[in-house]
Amino acid sequence: MSLVHTLGELRLQNSYAALPPAFYTRLQPQPLTDPRLLHANEEAARLIGLSSQALQSDEFLRVCAGAQALPGGDTLAAVYSGHQFGVWAGQLGDGRAHLLGEVAGPHGNWELQLKGAGMTPYSRMGDGRAVLRSSVREYLASEAMHGLGIPTTRALAIVVSADPVMRETVETAAIVLRMSPSFVRFGSFEHWSSRRQPEELRILADYVIDKFYPQCRETPAGGDASATGPVLRMFEEVVRRTALLMADWQAVGFCHGVMNTDNMSILGLTLDYGPYGFMDTFRLDHICNHSDSEGRYAWNRQPSVGLWNLYRLGGSLHALVPDADALRGVLDGYEAAFTRAFHQRMAAKLGLNAWRADDEPLLDDLLRLMHEQRADFTLTFRRLADAVRGRPQGFQDLFIDRAAALAWYERLAARHAQDAGPADAEQRARGMDAVNPLYVLRNHLAEQAIRAAKAGDAGEIDTLLRLLRDPCVERPGYEAYAGLPPDWAGGIEVSCSS
């Protein structure tokens, strides 16, 4: 694959900009003062055929800083609406994001969007800016999720500036250049439904189906051949993808923190990294967002919130699919899809060849023990493989009641003995290591990268990206990145301003 060395060589299609003007506002970003490229992601750049030489060019810096349009692009901010913390918030939109254009790359089409590039008509009370702290967190998180194999937006570059931005204190500005096949959200559909504009709703549905779900135009044997059929089949696919995404999040101990309908991707991607967190100490009701005072988006509530959000999407599609029973029928498939996917992922983490119905108490009892004993989520599952190898001490060390931990492990070992999986302990352990990450983006690791970045050092970002891109492979010399968090990590708080 040959890579291009200038942005002008990229092929752009700008399909979202071809929608009617009601869907967005065309406007230019507000550039940062004296911007500096903190980091560029060569792996993500290859997705659009961009060379490392191009990433270091002044042209690339100017585009990332909002000082120059993407050659061939069509810059805009999209409008959408949504429910925030369960309450209808009305019109929202890209309050600090500018879609630069859509690149047709060697690995599909990718929209490029600046986050933190200034005010738009949808900023409401916001200033349109992002700070270095939250920008580094989003940059690292999207790549960490990709390394875990979880559907996500990607991050191409981060640019910093000394421009002051007021949050809880005065911080410095930054912009993330992020990538996604599409930034269309559940709230994009809610917007037109709430305004009772079925024609715009139809246009959006046709756009999403034709571009991302063309298979939904095909009527399966015995399927709905009416005009509503493609919309219903699209909805079914969105429900399926969302269920799988929730299973992915739960299986790695990830909390999104702000699962509003405007933060839910119509493609089933992890979207809009704000007050997220990978759990250290496991709590069933862990809340990662300091602003979430009622725990609406706690870890154990995420699957049900995913369904709640899908109900809002289904309600929005009712204007296109008058058969409410058909929409409810699609939604009824969510729980089974989530449960099946979650059990598959947890079976692999526990070293089981396949999930059995009677495995439920085994998993429930482990999660309850982890909750009561405040065991580390990531290391509990990772060290199970060592227990399989005959070294259960490391697993027991994560629990205050070591005897209770060993008793539970002996139940797992008995279950392994009944399994049709590999009889060789080392082979089973290697399989467990392949799905249980050793390195995750813990809050204190992100904080260390932020502190270094504030001093102008991107070295921690480099290190974390190397580890997080292949998080299940142990690397000698990086033990500090795979251990329990330091005591000071417990004082880190992230909120909606993050």
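Student: Why is Met246 called buried?
Tutor: This is a predicted model, and in it Met246 has a relative accessible area of 0%. Buried means under 20%, so a residue with 0% meets the condition and Met246 is buried.

Student: Where is Met246 found, and with which residues is Met246 in contact?
Tutor: Met246 belongs to helix 7. Apart from neighbours within four places in sequence, its contacts are Met259, Met264, Gln302, Pro303, Gly306, Tyr334 and Phe338. Among these, Gln302, Pro303 and Gly306 are also listed as buried residues of helix 8.

Student: How far apart are Met246 and Leu307 in sequence and in space?
Tutor: Met246 and Leu307 are separated by 61 residues in sequence, while their C-alpha atoms lie 9.7 Å apart.

Student: How do you know that the span of helix 8 agrees with its number of residues?
Tutor: Helix 8 runs over residues 302–317 and has 16 residues. The expected span takes 1.5 Å times one less than that number, which gives 22 Å. The C-alpha atoms at the two ends are 23 Å apart, so the two values agree.

Student: Which elements do the buried residues of helix 8 pack against?
Tutor: The partners are helix 5 (186–194), helix 6 (198–212), helix 7 (229–252), strand 11, helix 9 (324–331) and helix 10 (334–349). The buried residues of helix 8 include Val305, Asn309, Leu310, Leu313 and Leu317.

Student: Which residues does the UniProt annotation "binding site" cover?
Tutor: According to the unreviewed UniProt entry, the annotation covers Gly93, Gly95, Arg96, Lys115, Asp127, Gly128, Arg178, Arg185 and Asp272. From this set, Arg185 belongs to the lining of the largest cavity.

Student: What makes Lys115 count as buried?
Tutor: Its relative accessibility is 11%. The limit for buried is under 20%, and 11% falls below it, so Lys115 counts as buried. Lys115 is placed in strand 7 (residues 108–115). Not counting residues up to four places away in sequence, Lys115 touches, among others, Arg96, Glu138, Arg178 and Asp272.

Student: How do you know that a polar contact joins the side chains of Lys115 and Glu138?
Tutor: The distance between the side chains of Lys115 and Glu138 in this contact is 2.7 Å. A polar contact requires N or O atoms within 3.5 Å, and the pair of Lys115 and Glu138 satisfies that limit at 2.7 Å.

Student: Why is Asp272 called buried?
Tutor: Asp272 has a relative accessible area of 10%. That value is under the 20% limit, so Asp272 is buried. Asp272 is in the loop between strand 11 (254–255) and strand 12 (277–278). Leaving aside neighbours within four places in sequence, its contacts include Lys115, Arg178 and Arg185. With Arg185, Asp272 also forms a polar contact, side chain to side chain, of 2.7 Å.

Student: What is the phi of Asp272?
Tutor: Phi of Asp272 is near 65 degrees, a positive value in a residue other than glycine. Most residues other than glycine have a negative phi. Asp34 also has a positive phi, near 45 degrees.

Student: Why is Asp34 called exposed?
Tutor: Exposed means over 50% relative accessible area. Asp34 has 66%, so Asp34 is exposed. The residue lies in the loop between strand 1 (24–26) and strand 2 (36–40).

Student: How many helices and strands does the protein chain have, and what makes the chain as compact as a globular protein of that length?
Tutor: The chain has 17 helices and 12 strands. Its radius of gyration is 23 Å, and the globule rule gives 23 Å for 498 residues; the values are close, so the chain is as compact as a globular protein of that length. Of the 498 residues, 57% count as buried.

How values were computed: Residues are numbered from 1 along each chain as its sequence is written. This is a predicted model: local features need pLDDT of at least 70, side-chain atom pairs count only at pLDDT 80 or more; totals for chains, interfaces and linings use all residues. Side-chain values use heavy atoms; hydrogens and water are left out. UniProt positions are given in the numbering used here, feature names are shortened, and annotations may be inferred rather than shown by experiment. On a 1 Å grid over the protein atoms alone, a cavity is a set of points where a 1.4 Å probe fits but cannot get out, and a pocket is an open set with protein on both sides within 12 Å along at least five of seven lines; lining residues have an atom within 4 Å of a point. Helices (H or I, at least four residues) and strands (E, at least two) are DSSP runs, numbered from the N terminus. Buried means under 20% relative accessible area, exposed over 50%, partly exposed in between (1.4 Å probe, protein chains only). Contact means heavy atoms within 4.5 Å. A polar contact is a pair of N or O atoms within 3.5 Å; within protein, one must be able to donate a hydrogen and the other to accept it, and residues adjacent in sequence count only if both atoms are side-chain atoms. The radius of gyration is taken over C-alpha atoms; the globule rule is 2.2 Å times the number of residues to the power 0.38.
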